[in-house]
Structures are given as C-alpha cells and as structure tokens.
Amino acid sequence: MKILVSDPVSVQGIEILQKEFQVDVKTKLSPEELIAIIPEYDALVVRSETKVTKAVIEAAVKLKAIGRAGVGVDNIDVEAATKKGIIVMNAPEGNTIAATEHTIAMMMALTRNIPQAYASMKRGEWQRGKFTGVEVRGKTLGVIGLGRIGTGVAKRAIAMEMKILAYDPFISAERAKALGIELGELDEVFANADFITLHLPLTSETKNLINQAAFDKMKTGVRLVNCARGGVINEADLAAAIEAGKVAGAAIDVFEKEPVDPENPLLKLDKVVVTPHLGASTAEAQVGVAVDVAHGIIAALKGEPVATAVNMAPIPADVLERIKPFFTLAEKMGCLAVAIADGRINSIQVEYNGEITEVDTKMLTTAVVKGVLNPILQETVNYVNTPGIAKTRGIAVREVKIKQTADFADLITVRINSDKGYHTVGGTLFGQEGRIVSIDGHRVDVDPSGWLMLSPHINRPGIIGKVGTLLGQEGINIASMQVGKTTTEGTNIMALGVDSDIPVDVLAKIKAVDGIFGAKLVNFNAG
Ligand SMILES: NC(=O)c1ccc[n+]([C@@H]2O[C@H](COP(=O)([O-])OP(=O)(O)OC[C@H]3O[C@@H](n4cnc5c(N)ncnc54)[C@H](O)[C@@H]3O)[C@@H](O)[C@H]2O)c1
Ligand SMILES: O=C(O)[C@H](O)COP(=O)(O)O
C-alpha cells in the first residue's frame, strides 16, 4: 500500500509509516497535480496547507484514510470523504501546548508592543514612550471555545492573575467552575472582556462570528487574539474596528486565506501583530502530531479502529485499551456467522457477557457487522461506512449486555437472523488470543485464522473418516480438527482447519455424505 504525505510532516512520523508501507513525500502540489496522482494512493497525510476538496476525494480510487497531522480538519471535505467510506482522522493532542503557549506569547506581544518595538530598534530608533503597553493582571480575558487550547490558555492566564470569562455552549458550568473559570453567554463575553482569545473550530456556525455587530458589543479598547482559524473573524470588519479606535489591537496567527494576501488590510495596521500560522510550529508539537497520525493511518490501513477518527465516534483511550484485544475476534465472528447463515439477513444481535459489559462496546458491534458485510460486498467496508451500509441494506443491529456469565470472564455471542432462521457464534479471549467457543450451540475451541470447514452431522461412526478421505483424495491437508457437541442428542459439528481453499465440487461431495447436514467454508484471512 502507498501513502502520500503532501505537507511538511516530521520525519519521526514518516519513519513509522515507512516501516509498514511505501511513503511518497510530495509537498507544494497544485490542486491539479494532487488530483492527478491521488488515484495511486491508499492514504494521504496533510497539515493545513493541502486542500482535500471534493474533487480530490472523487478522483481517489483506493484512498482509505486521510490523516491530518494537527487539529483543524476544515481543509478536508469530511462529508465527501465519509460518503466514500474514507476515514478522516486528526492528531488533536500533539500541538495543544504549542498553540496554547503561542497564544500567550501573542497576547503579551500585543499588549507590550514587542514586535513594533523590535522593528523600531532595528531601524536604529530608541523610542521608549511610543511603546507603553498595558498589564494583563486584573484584566478580564474572554475565552471563546473552552476546549484543549482554550482551557490551557485560561489556566496560564489565571496564573497571570487575569479573570476568565468563557463562552462554550458545549462545556458544563461544573467543569468550568472546577477550573476557576466563569462561563457566560457570548454577548456577556463581548461586553466584559478586556482581551478576547478565540479557540473554537471554523464551521458554518462560527464563520464570521467576530464581525462588525460583535465589535459593536465589545468594550472600547478591547484587544483580540486569534490562534484558532482565520474565517472566524471577519478581517475587513476587524481592520475597520481598529481604524475606528474601537479595538486597541489584535494578534493574529491565522487568516481567512493562507498564505496571506499581501494586500490583506490587517498587514497594513501597526496595531496588528501577525505570525504566519505558527501556533503548532514547535519541534515537540510537530513530532507529536506526526507520530500520532502515523499510528492512526497504520491502524486504518490494517482495518482497525482509529481512536482519533473525526468521521466516526471517537473512542476514549481507556475504552479503546479495554476493547482493542476483541476487535479482530469480533470481526472474525461476523465473518463466520455470515458464512454459516442461509437466506436474506435481516438482523444481527451481539450479546456481551462478563466484564466487557462495563465499557462502551458500540465499536465492537460495528466490528462484528463489518465482518458480516465484508465477505458479501464488493465495496470497501470499514468502521466509517459499516453502520450506514447495514442500514441501507435493512439489516437491524442490536446490542445486548448481560453482566452475568457462566464459563468465561468475557463472552461475545453473535446471532445472525435471516428469513431462513438464525445461527449463533460465541467467542472469547484466551489471554490475548481470540477463540471461537461455540457454533450454533456446539462447544468448540477454534482458532479463527486461515480456512475452516464446518459441517454439522449425525453423531455416528464413520462420518469423519469419509470426510478425511475425500479431502485427502483432493490433496487438501487437514491442519486441525474439532468435533463440537450440543446438548441436542445426536448432532455434532465438525470444524476442520484446512491449509487451502476447498473447491465447490469437493464441498458438494462432502455435503452428499450420508449423515452430513451441510458443509460451509470460511476464509478468516479474506477481507
Ligand atoms: N494556530 C495554530 O497553529 C493552531 C494549532 C492548534 C489548533 N488550532 C485551532 O485551534 C482551535 C481549537 O483547538 P482545540 O485543540 O482546543 O480544539 P477543541 O476541540 O479541544 O476545542 C474547541 C472548543 O470549541 C468549542 N466550540 C465549538 N463551537 C463553538 C461555538 N460556536 N462557540 C463557542 N465554542 C465552540 C467546542 O465545544 C470545544 O470545546 C481549532 O480551530 C484548531 O484548528 C490552531
Ligand atoms: O489545526 C491545527 O492543528 C493548526 O492550525 C496547525 O496547522 P499546521 O499543521 O498547518 O501548522
């Protein structure tokens, strides 16, 4: 598989990817060049420079994952990617400290006129009176967006004895209180803040949030810091508010259009301190995001869930750690269930017993459904599109949790229902190894790997021998053998691990053996 890295990404991340896949680093591609080469690639890694538009996604043929080495995914058409089943992930934590510290640096540079004083001295001047600033101590800092960076900035500003008034509709008052932060409505922040710092994403809702109408509600002399996203502030309105004396100054790291247009009115104003989108540009942050995204891309290309995917529900790290060992097993159970099912599948039930019931198992259920769909569909089935595909095909998915368990610490039972009846598959972990422990109520101990032939039959002498002979005549080696019994009198199931595919005509001969009810072949390594 091939990965394209189209923005400058730290070598530590690239080296992780290179251990598993071929990696091409091609930066500064034009939109046309990207569209021309994207069909070759299975994954794409970007920062904020590459615009992953709908046209790029439509041109992609094999693309399975897009990794953003950073936070903002506003340069990626996530909706188009989701429709195509492409996982989009970011690396949300690696650059938090970098952006937090840059925000504080920008606020202090703004309030003490450091860049202006620097430029003046470099011109050979010594102007002390011109650059008198204001202190931040005792001032109110309005924080709009109290996520990772907003919280980090607030904590540091509290240490500088600032009062924090924050607006974030998705943060509870309790959480804010615990941090020593007062939450208010947006207009309250506008009306009371001496400094306002933005830490929210650019969305259709937040675009132009800080416009002329917002400036009208602010204190005269307010200072603004934006290290979030350019489009959140209307740049023309900000320039006008500064020229009108309403806003005392602004520190801006991010712009509506990047690279910034030299004619941008903000560049012409002395009261505006600017940096070229440097919030995440520290050595530590770049290694952090590159390494995080590399691990996410590898997981996605291996068909594993990605904790930081933005187009599927993110999985908290502690939950992922708990459920991770079950993923492969869950998918293989789905694969086995569909192989033994007959007729039109209308629902899948996944029952969890034991300690596993204590965590969110939705992603494991998705893994089971992915395992069911993968062998029967041409299209790529992954963690992003599985729920949608099941829904479109009218397959209802149900999760049942019963903490009580009889024989195993944890047990997963998949029941696949069709218009011809139902089948069940039970599985558990022996240490870290997944095992199938029941098939249609027959107790077995099957390693779900390679080829497995399943054949329910009457419990009477001679049947297993006949099957062995038939396979031997065809040169098919039996690697392992299990006979599972049920409580139902006289019915057993043969579970034969074989070293190769069993042709359809040979399976037909096995089915024709007197006393055999059927024969199905499962390829656990497919998909
Ligand atoms: N300048 C840089 O180089 C740089 C570096 C890192 C992140 N960023 C940007 O900073 C921003 C914040 O990043 P983060 O890691 O803190 O993200 P985050 O997801 O942790 O926090 C974003 C917060 O914004 C809040 N929010 C969403 N919509 C809102 C609205 N309408 N009003 C108020 N709050 C709203 C969310 O509830 C969330 O708490 C993002 O836009 C990110 O792209 C910039
Ligand atoms: O959203 C982010 O992570 C930052 O804006 C950083 O962007 P960059 O990776 O292009 O520096």
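Helices (H or I, at least four residues) and strands (E, at least two) are DSSP runs, numbered from the N terminus. The structure is a predicted model, so some filters apply: local features need pLDDT of at least 70 and side-chain atom pairs count only at pLDDT 80 or more, while totals for chains, interfaces and linings use all residues. Residues are numbered from 1 along each chain as its sequence is written, and chains are lettered from A and ligands numbered from 1 in the order in which they are written.

Ligand 1 makes a handy starting point. Its shell holds 31 residues, and the closest are Gly72, Gly145, Gly147, Phe170 and Gly279; a residue counts as near a molecule if its C-beta atom, placed from the backbone, lies within 6 Å of it. Two elements, α5 and α7, give two or more residues to this shell. The largest share, three residues, comes from α7. By class, the shell around ligand 1 has 16 nonpolar, 10 polar and five charged residues. In this scheme Ala, Val, Leu, Ile, Met, Phe, Trp, Tyr, Cys and Pro count as nonpolar, Asp, Glu, Lys and Arg as charged, and the others, Gly among them, as polar.

Ligand 2 is surrounded by Arg47, Ser48, Gly70, Val71, Gly72, Asn95, His277, Gly279, Ala280 and Ser281. That shell splits into seven polar residues, two nonpolar and one charged. Gly72 and Gly279 turn up here, and both are also listed among the closest residues to ligand 1.

How do the two helices from the ligand 1 shell sit against each other? Helix α5 (residues 96-111) packs on α7 at an angle of about 50°, and the axes are 9 Å apart. Axes here are lines fitted to C-alpha atoms, for helices over the stretch in contact, and angles run from 0 to 180 degrees between N-to-C directions. The pair is therefore oblique, the label left over once angles under 35 degrees are called roughly parallel, over 145 roughly antiparallel and 65 to 115 roughly perpendicular. The crossing of α5 with α7 is right-handed, that is, the near helix is turned clockwise from the far one by less than a right angle. On the α5 side, Thr96, Ile97, Ala99, Thr100, Thr103 and Ile104 make the contact, and on the α7 side Arg148, Ile149, Gly152, Val153 and Arg156 do; two residues are in contact if their C-beta atoms, placed from the backbone, lie within 7 Å. Five of the contact residues are nonpolar, four polar and two charged.

Next come the sheets. Seven strands form an open sheet with parallel pairing, in the order β8-β7-β6-β9-β10-β11-β12; strands pair if DSSP finds at least two bridges between them. At the edges are β8 (182-183) and β12 (272-274), each paired on one side only. Helix α7 (residues 148-159) packs on this sheet, where it touches β6 (140-144), β7 (163-167) and β9 (195-198), and its direction makes about 165° with that of β7. Strand β11 (residues 247-252) runs parallel to β12, joined by three bridges, and isoleucine 252 has valine 274 of β12 as its bridge partner.

A second open sheet has five strands, again with parallel pairing, ordered β2-β1-β3-β4-β5. Its edge strands are β2 (22-25) and β5 (87-90), each pairing on one side only. Neighbouring strands are turned by 15° against each other on average, direction ignored. Strand β4 (residues 65-68) pairs with β5 in the parallel sense over four bridges, with arginine 68 partnered by asparagine 90 of β5. Helix α1 lies across β1 (2-5) and β2, at about 145° to β2. Helix α12 also packs on the sheet, touching β1, β3 (43-46), β4 and β5, and its direction makes about 170° with that of β4.

These two helices also meet. Helix α1 (residues 11-18) and helix α12 (residues 283-301) pack at about 20° with axes 7 Å apart, and are therefore roughly parallel to each other. Their crossing is right-handed. The contact of α1 with α12 has nine nonpolar, three polar and no charged residues.

Antiparallel pairing shows up further along the chain. Strand β19 (residues 451-458) pairs with strand β21 (residues 491-498) over eight bridges in the antiparallel sense, and isoleucine 458 stands opposite threonine 491. Strand β20 (residues 478-485) is joined to β21 by seven bridges, also antiparallel, with valine 483 opposite methionine 494.
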